[in-house]
Amino acid sequence: MKLEGKVCIITGAGSGIGKVASLLFAKEGAKVIACDVVEENLKKLKEENESIDTYKLDVCDRSAIKKMVDEIVEKYGKIDVLVNNAGITRDALLLKMKEEDWDKVIDVNLKGVFNMTQAVAPIMLKNGKGSIINTSSVVGVYGNIGQTNYAATKSGIIGMTKTWAKELARKGAQIRVNAVAPGFIKTPMTEKVPDRIIQALNEKIPLKRMGEAEEVAKVYLFLASDDSSYITGQVIGVDGGLVI
Ligand code: NAD
């Protein structure tokens, strides 16, 4: 039980990596607070493990975040782990990208991480400890055709991660902030990618395959647990060697 007694918030928990992580964290003894915009998926998650608390929450809605954080603190007295996992894509080439698609991806993927962390960090600071895990991407390190907006958010997450690792650890607080940079993972986000593109991508990956959501969730687990107690400000690639 690597997370016994820890109170952990996971955003984007209704699907893909966030869902697998919520179930894994609960299995490891955590009190999981799973948030997502899609209520129906949260209901399904609850059916799989009823110990998980679910919240319909949009990471863009700052007042709803505050309300949720206040409720969690009232109920459990602390927040040990925040996994900023929610993310979306609205892909288009630079010359065709609509302003609304730029704005939406920045709002969810970048400002959403800021909103959640700004609300949770004071609780961790009061407690003197905590672990924040942000979800970047190989695209934030490497760039990708058709993903100007997404790449901007995932690079921005790396900047915020390193800044918060320095800022939140002041005055001796053991608050660690790290990012995970997944490569090409089998989830609903990637299921529409055509087979020929998957095959071409697999050729570029040293391990020659896509990753499983569980392979990312296990790295979240490591970073959430005390096993990573001296790791902060890092970006951990989970990409089969795609970026070396
Ligand atoms: P997914 O689409 O299966 O899951 C994303 C979840 O986020 C969904 O349940 C969705 O409803 C939720 N969400 C969307 N907007 C939200 C909002 N405003 N507030 C709260 N929740 C919201 O995708 P996934 O592949 O599991 O992605 C999880 C994270 O991993 C994302 O940040 C994504 O960018 C990142 N990532 C994924 C891959 C990949 O190959 N799948 C690669 C690199 C990074």
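This report covers an annotated span, a ligand site, one buried asparagine and the cysteines.

**Annotated span**

The model is predicted. UniProt lists residues 6–188 as "domain: Ketoreductase", in an unreviewed entry. Helix makes up 50% of that span and strand 20%. Its end C-alpha atoms lie 28 Å apart.

**The ligand site**

A shell of 29 residues surrounds the ligand. The closest are Ser15, Asp36, Tyr150, Ile185 and Thr187. By type, the shell divides into 14 nonpolar, 12 polar and 3 charged residues.

Some atom pairs between protein and ligand can be listed one by one. The table gives the residue, the part of it involved, the ligand atom and the distance.

| Residue | Part of the residue | Ligand atom | Distance |
|---|---|---|---|
| Asp58 | polar side-chain atom | nitrogen | 2.8 Å |
| Val59 | backbone N or O atom | nitrogen | 3.0 Å |
| Lys154 | side-chain N or O atom | oxygen | 3.0 Å |

How much of the ligand does the protein cover? On its own, the ligand has 830 Å² of accessible area, and the protein covers 92% of that. Two elements give two or more residues to the shell: helix H1 (16–27) and helix H6 (148–167).

**Asn84**

Asn84 sits in strand E4, which spans residues 81–84. Is Asn84 buried or exposed? Its relative accessibility is 2%, so Asn84 counts as buried. The side chain of Asn84 makes polar contacts with other side chains. One is with the side chain of Thr117, at 3.1 Å. Another is with the side chain of Asn134, at 2.9 Å.

**The cysteines**

How many disulfides are there? The count is 0, with a cut-off of 2.5 Å between cysteine sulfur atoms. Cys35 is in no disulfide. The nearest cysteine sulfur to that of Cys35 belongs to Cys8 and is 12 Å away. Cys35 has a relative accessible area of 1%, so Cys35 is buried.

Why does Cys60 form no bond with Cys35? The closest cysteine sulfur to that of Cys60 is in Cys35, and because the gap is 13 Å, the two are too far apart for a bond. Cys60 has a relative accessibility of 21%, and therefore counts as partly exposed. The line between buried and partly exposed is drawn at 20%. Cys35, at 1%, is buried, whereas Cys60, at 21%, is partly exposed.

Technical notes:
Residues are numbered from 1 along each chain as its sequence is written. This is a predicted model: local features need pLDDT of at least 70, side-chain atom pairs count only at pLDDT 80 or more; totals for chains, interfaces and linings use all residues. Side-chain values use heavy atoms; hydrogens and water are left out. UniProt positions are given in the numbering used here, feature names are shortened, and annotations may be inferred rather than shown by experiment. Helices (H or I, at least four residues) and strands (E, at least two) are DSSP runs, numbered from the N terminus. Buried means under 20% relative accessible area, exposed over 50%, partly exposed in between (1.4 Å probe, protein chains only). A residue is near a molecule or strand if one of its heavy atoms lies within 4 Å of it. A polar contact is a pair of N or O atoms within 3.5 Å; within protein, one must be able to donate a hydrogen and the other to accept it, and residues adjacent in sequence count only if both atoms are side-chain atoms. Accessible areas come from the Shrake-Rupley method with a 1.4 Å probe; for residues, only the protein chains shown count as cover. Ala, Val, Leu, Ile, Met, Phe, Trp, Tyr, Cys and Pro count as nonpolar, Asp, Glu, Lys and Arg as charged, and the others, Gly among them, as polar.
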